[in-house]
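Let's take a relaxed walk around a ligand and the protein that holds it. Have the sequence and the 3D view ready.

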Amino acid sequence: MSSLRLAIVNQKGGTGKTTLSINLGAGFSQRGTTVLLDADPQESAGHWAKVSGNDGDLPHIEGVVAGEVRERIQHLSDAHRYVLIDCPPHLDSDILRRVLSFVDMVLIPIQPSPLDVWASIGMAGAVQEARVSNPDLRAYMVLNQQDHRNALSRSMHEALADFEIPVLRNGLARRAAFRSAALEGCSVYRLGKRGSSAVNDIEAIIEEVLDL
Ligand SMILES: Nc1ncnc2c1ncn2[C@@H]1O[C@H](COP(=O)(O)OP(=O)(O)O)[C@@H](O)[C@H]1O
Ligand SMILES: [Mg+2]
């Protein structure tokens, strides 16, 4: 079976890339062999794992540098069903270009504010550019830190409609469990009852992605 190569990107910091990467990675790990490549030089995903000593709940996490990213993605996707890449928050980095030219799908987490959508517009350009060499690249935005799932403002709908990249039906609500998991060095799956709503958010995204 071929692997699914999924990059989590946004040029803006703090939109939820690492939160989404770690927790999707934990969910995918329950479905098949999974590896999370930490391509962010700040290594937040790697630090997350160090908190817990990575005792099994987190996906397997490896660091990578720009010069090796293609080879590593290729190599890892020979041996893993799911390869996730947590990307650095730059638009012009070599590593982002290389990752986008070599994955099946990108997820772009954004906060549900028009300002955040506009700040992410450069991503649409980067995706278009990558499609020159990677024409099958699929790209979706993922709404993160939603307060009321179905109550997006009209200005938000208008901002999203201007954006060429479609939005996943499922997103992440703002939940203490996502922060607790980071503090405790685990995924939301490890939090038991405290994490059950967060797990539902993540599972819904995984099922949607696998259905696309
Ligand atoms: N859905 C959420 N609910 C609550 N806190 C969140 C959520 N998503 C992200 N956060 C918090 O927001 C901050 C930034 O998230 P992070 O995943 O580190 O973003 P990025 O990797 O894009 O810089 C972190 O403190 C994280 O715990
Ligand atoms: Mg990060």
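Which pocket does ligand 1 take up? The space it fills is the largest pocket. Here a pocket is an open set of points on a 1 Å grid over the protein atoms alone, with protein on both sides within 12 Å along at least five of seven lines.

A quick note on the ground rules: this is a predicted model, where local features need pLDDT of at least 70 and side-chain atom pairs pLDDT 80 or more, while totals for chains, interfaces and linings use all residues. Residues are numbered from 1 along each chain as its sequence is written, chains are lettered from A and ligands numbered from 1 in written order, and side-chain values use heavy atoms, without hydrogens and water.

So who's around the ligand? The shell has 15 residues (a heavy atom within 4 Å), and Gly14, Lys17, Thr19, Asn144 and Ala173 come nearest. By class, 3 are nonpolar, 8 polar (Gly counts here) and 4 charged (Asp, Glu, Lys or Arg).

Some polar contacts (N or O pairs within 3.5 Å) look like this:

| Ligand 1 atom | Protein partner | Distance |
|---|---|---|
| oxygen | Lys17, side-chain N or O | 2.8 Å |
| oxygen | Thr18, polar backbone atom | 2.9 Å |
| nitrogen | Ala173, polar backbone atom | 2.9 Å |

On its own, ligand 1 has 560 Å² of accessible area (Shrake-Rupley method, 1.4 Å probe), and the protein covers 80% of that. Two helices (DSSP runs of H or I, at least four residues), α1 (17–29) and α8 (176–184), each give two or more residues to the shell. The largest share, 3 residues, comes from α1.

Note on methods
Polar contact = N/O pair within 3.5 Å; in protein donor to acceptor, adjacent residues only side chain to side chain. 1 Å grid on protein atoms, 1.4 Å probe; cavity = no way out; pocket = protein on both sides within 12 Å on 5 of 7 lines; lining within 4 Å. Sits in = over half its atoms within 2 Å of the grid points.
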